[in-house]
Amino acid sequence: MKYMQMALKLAQRGIGSVEPNPAVGAIIVKSNQIIGKGWHKRFGGGHAEINALADCKKLAVNPQGATMYVTLEPCCHSGKTAPCTDAIIAAKLAKVVVATIDPSEHAHGAGLEQLRNAGIDVQVGLCEKEARLLNAPFIKFATTGKCWVILKWAQSLDGKLSYPEGNEKRWISGEQSRKDVHKLRRRVQGILVGINTVIADDPLLTARPVRSVQRSSASLPEGLTSNGARPSRDKKAVRVVLDSHLRIPLSCRLLATAKKVPVLIVTSEEAVQTNPNKQEKIAQKGAELLTVPATQGRADLCFLLGELSRRGIAQLLVEGGPTVITEFLRQRLADEICVYIAPRILGGSGGIGISRSVAELAEAVGLHYVDIKRFGGDVRITGFSKKAIDGISVIEG
């Protein structure tokens, strides 16, 4: 079990660089000694199994007869890289221990069957729960075709999400928390906000790139980040704005950068018909308008999520204000919740609070597999919804 747990820790190092691919780690063991380690470092790059075999070669150790521990079923199809099963068979490994199968249509046990047909002993299920939790967004999208929805917000101790309008202070959370948010943004293919956030904050909604490590005699090669991954320059999350009445300012930074980073404005047919000139100006700036059905003046979120999923958005980060967040909670559309709590009480000097909005919820929302971390003075609490846990077939306990 210890080798699979080591492989899972390696896999975590790829999160934020490999998406929408899964994070995978691999360990190769021979005569009770680790002879190779690898993980999927970046989207389009070598898979964990290939990197682990390359590590054996680097160490001048023959992997023939060894055992590989890998967190996800090795691929047997050609995509951006050659099949991992071919490399494993060519290396003459004796045994492959897999945490969980790849539920994708092109895999789903086919890789395991190919290895077995080559005479390799294959075992499945070691640390399966941990492996499925690690790649919960990937598993959901592969099995249902629906995107994984992450709700994120920062708040004060008394539940305020912002300072009042006109206050010079913009951020509730600290700098370390904000850096962590950019890591979260690098995971996703879409970032969603409401129009009120755009009007109030004029955000860019882009993921700040990982800073390159300064080179030294012992440093990593040019271009590698501290986790060993090359920053992905072609992954740009679509920025989605809920704007039922087409109120988006033409001078906002989202529209100013729409030709470089995609912008999708979700609005109503009525708004488009009554604002033909603005529709044309938005299109000229490079943004796309998407009309969706409305319920009580608000966009049909289920319809929208279906459309975003069809566009290949496997993970969606919702960074809206209290109204947007509450609506996702009320309709139980969230798979994962991430809350940054700052050690301050704003009281009457604060803006709208989450507590006032969530009072609309008919039932409590519980989190499962909760993780708590500190970022300076802030505390980050993350967890999965029960719907998410049920969807990836993980049994608690």
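Ala, Val, Leu, Ile, Met, Phe, Trp, Tyr, Cys and Pro count here as nonpolar, Asp, Glu, Lys and Arg as charged, and the others, Gly among them, as polar. On that scheme, the lining of the second largest pocket has 17 nonpolar, ten polar and eleven charged residues. The model is predicted.

**The pocket**

The second largest pocket holds about 1,100 Å³ of space. Its lining comprises 38 residues, and those closest to the centre are Gln12, Ile15, Leu133, Leu134 and Arg187. Helices and strands both contribute. Two or more lining residues come from each of helix H1 (2–12), helix H5 (128–134), helix H6 (136–144) and helix H7 (175–187). Strand S14 (336–341), strand S15 (368–375) and strand S16 (378–384) also give two or more each.

**The open sheet**

Nine strands build an open sheet with mixed pairing. Their order is S10-S9-S8-S7-S13-S6-S14-S16-S15. Strand S10 (288–291) and S15 are the edge strands, each pairing on one side only. Neighbouring strands of the sheet are turned against each other by 20 degrees on average, with direction ignored. S14, S16 and S15 thus appear in two settings: they belong to this sheet, and they give residues to the pocket lining.

Within the sheet, S6 is next to S13. These two strands run parallel and are joined by four bridges. Val149 has Leu316 in S13 as its bridge partner.

**The hairpin**

S1 and S2 form a hairpin with two residues between them. Six bridges join the two strands, which run antiparallel. Ile28 is bridged to Gly36 in S2. In the turn, Ser31 has a positive phi of about 55 degrees.

The two strand pairs are set out below.

| Strand pair | Residues | Direction | Bridges | One bridge |
|---|---|---|---|---|
| S1 and S2 | 25–30 and 33–39 | antiparallel | six | Ile28 with Gly36 |
| S6 and S13 | 148–155 and 315–318 | parallel | four | Val149 with Leu316 |

**The cysteines**

How many disulfides does the model have? The count is zero. Cys75 is in no disulfide, and the nearest cysteine sulfur, that of Cys84, is 3.6 Å away. Why is there no bond to Cys84? The sulfur of Cys84 is 3.6 Å from that of Cys75, its closest cysteine sulfur, which is too far for a bond. The cut-off for a disulfide is a pair of sulfur atoms within 2.5 Å.

Both cysteines fall under the 20% limit for buried residues. Cys75 is buried, with a relative accessible area of 8%. Cys84 is buried too, at 0%.

Methods. Residues are numbered from 1 along each chain as its sequence is written. This is a predicted model: local features need pLDDT of at least 70, side-chain atom pairs count only at pLDDT 80 or more; totals for chains, interfaces and linings use all residues. Side-chain values use heavy atoms; hydrogens and water are left out. On a 1 Å grid over the protein atoms alone, a cavity is a set of points where a 1.4 Å probe fits but cannot get out, and a pocket is an open set with protein on both sides within 12 Å along at least five of seven lines; lining residues have an atom within 4 Å of a point. Grid points are joined across faces, edges and corners, and a volume is the space filled by probe spheres set on the points. Buried means under 20% relative accessible area, exposed over 50%, partly exposed in between (1.4 Å probe, protein chains only). Two strands pair if DSSP finds at least two bridges between them. Axes are lines fitted to C-alpha atoms, for helices over the stretch in contact, and angles run from 0 to 180 degrees between N-to-C directions.
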